[in-house]
Amino acid sequence: MSDDAKEASEEDANLSAGDSSAAVPPQSSPRDQSQNGPRDQYIVAVDVGTSTLRCHVYDKLANVKGSSSKKVHLLHPQPGWVEMDPQVLWTDFVDVINEAIRAAGLTAGQVAGMGISTQRCTFTMWDRETGELYHNFLTWQDLRGSELVDTWNNSLTMKALHSGGGLLYYMSRSKRFLAANVLKFAPQQITMKVMWMLQNNLTLRRRAFNGLVSFGTVDTWLLWKLTGGQVYATDYSCASSTGLFDPYIRQWNQFFCNLLSVPISIFPPVEDTSKIHGVCETKWFGAPIPIASLVADQQAAMFGECCFEPGDVKCTMGTGTFMDMNVGRNPHTSMAGLYPLIGWKIGDEIVFLAEGSASDTGTAIDWARSIGLFEDYTETDEIAESVDDSNGVYFVPAFNGIQAPVNDPRACSLFLGLSSTTTKAHMLRALLESLVFRNKQLYETMLNETKIPITYIRADGGVSNNSFVMQLTADLLNRTITRPKHVDMSSLGAAFLAGLAVGIWKDKEELRRLKDGINNHVQIGVWKNKEELKDLQSSEKVFQPRPVSEGIWEKYRPLVEQWERAVKRSLYWYPAKNE
């Protein structure tokens, strides 16, 4: 289920950003530290999600010692516009950290470092001289750039780019040019929304071209605020998610910035994911806390799942589904719409991911509840299993179009096969089955494109708590899927990355020695290496594919094929914005 389903609405924060220090816990003293434990035993991790802002305090064994959460307040000033007020977010951000530290019975002086995980493709821009914001955060759900997306994707310029990329790829065999050959802009990406803002705010445009505007995704803006404007940066995982960063050369894309008339000077420096980026001002929490990791939420979940090797896969099922595969040291160029991302960069190590997504997972379940198909999220698997099948009903989850491998932003959601004997249970089962069918699509696309043997699959996110969805996914993928005890993987990944940054990690040879047990647990940091993190990461439940003798695939093969026919019926339903 989605974050909204998991978290009850919290009381709105009344403190302004400037008054947040009023809620600061008392500054720690050496006496506090000797009573409650040494400073290097605790990590604060904050996850700024789409619907919920969470903070956890972790100890050395990755146990949650204290937590706090607040609902993210989304604004809808016009149809299709989805924003967040930066000042409200800032107040809530400071509050949840202070509340979590207090809930843990600690003071900020005992915290070794802070990790920050954030939703991707959400940004704002501000004046470098005055610090004044030019607009609210535009979230990844905001559609005000969709007309520009359609215009550019169908333009002669893009056709020329595709042709030129294809020719250069033929001559050089460089995958960077192959990527240009298949490039398409997407409404969720930042690219066209930045362009829209520059076109519709003349003051912003003028200041931007004079080098006086700072662009920031959520992580960048929070870092800038926490450090009192002293540190302006992002990390590789967040930068690679924007659509304006070239993962092949690991730089902001000068070519596209010139092509789209976006001044490259607005973008921040890009730093390692796990490192000391800066230190929080004392006034916010009562003591300076090192900011030891910045990471995008899905990449954070990947790290939290300990998917460190090529072929490791994690599937996060929350508001949407994000299936990510570790593809190693080089980006994967996809012909089917998988997105090449940087997972993390730590020193000389850089890990790339291939990502496929489905926008409507928890969204679809929330909608089903809103129309009365069920009342309690915990009963959905029981209702689905109360009937033998969906009675010929099929559902296509496409409230925000269909992503890879179909790639149609104009597709519509639909129910097909309704009859006089259809019940709510049939409709709910059809909806849950459709989420599994999308998982199967994404999995097979990854398998066929990357040619990398899959080692294991880990699942997390609210919808992974639905055992019907998880078991059927294991059956149709014919793979074992593990669901961890701690399903809030984004915050755990941010904590792991921060813990590594405040510990000691010299080289790969040291990691090998630690893996073999040559090195013991000397207190040199919070976590010493990735192998130790794997030991800490435990599973709540393992979903094994049911035996062939039970005939699950033989039952579902025709259902999957019929569902694929339903998907074709949903395509190109909505007209293009520029038609």
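This note concerns the packing of helices H16 and H17 and two buried residues, Thr 473 and Asn 466.

1. Basis of the note. The model is predicted: local features need pLDDT of at least 70, side-chain atom pairs count only at pLDDT 80 or more, and totals for chains, interfaces and linings use all residues. Residues are numbered from 1 along each chain as its sequence is written, and side-chain values use heavy atoms, with hydrogens and water left out.

2. Overall content. The protein chain holds 21 helices and 23 strands (DSSP runs numbered from the N terminus, with helices being H or I of at least four residues and strands E of at least two). Of its 579 residues, 59% are buried (buried means under 20% relative accessible area, exposed over 50%, partly exposed in between, with a 1.4 Å probe and protein chains only). Among contacts between residues at least 6 apart in sequence, 73% join residues at least 24 apart (contact means heavy atoms within 4.5 Å).

3. Helix pair. Helix H16 (residues 424-450) packs with H17 at an angle of about 40°, the axes lying 9 Å apart (axes are lines fitted to C-alpha atoms, for helices over the stretch in contact, and angles run from 0 to 180 degrees between N-to-C directions). H16 and H17 are therefore oblique to each other (under 35 degrees is roughly parallel, over 145 roughly antiparallel, 65 to 115 roughly perpendicular, and the rest oblique). The contributors to the contact include Leu 432, Val 436 and Asn 439 of H16, and Phe 468, Val 469 and Thr 473 of H17. The residues of this contact comprise 9 nonpolar, 2 polar and 3 charged (Ala, Val, Leu, Ile, Met, Phe, Trp, Tyr, Cys and Pro count as nonpolar, Asp, Glu, Lys and Arg as charged, and the others, Gly among them, as polar).

4. Thr 473. This residue belongs to helix H17 (residues 467-477) and is buried, at 4% relative accessible area. A polar atom of the Thr 473 side chain lies 2.7 Å from the backbone oxygen of Val 469. Residues up to four places away in sequence aside, Thr 473 touches Val 436, Asn 439 and Ile 481.

5. Asn 466. This residue sits in the loop between strand E21 (456-460) and H17, and counts as buried at 4% relative accessibility. The Asn 466 side chain makes a polar contact with the side chain of Thr 380 at 2.7 Å (a pair of N or O atoms within 3.5 Å; within protein, one must be able to donate a hydrogen and the other to accept it, and residues adjacent in sequence count only if both atoms are side-chain atoms). The Asn 466 side chain also reaches the backbone nitrogen of Phe 468 at 3.0 Å.
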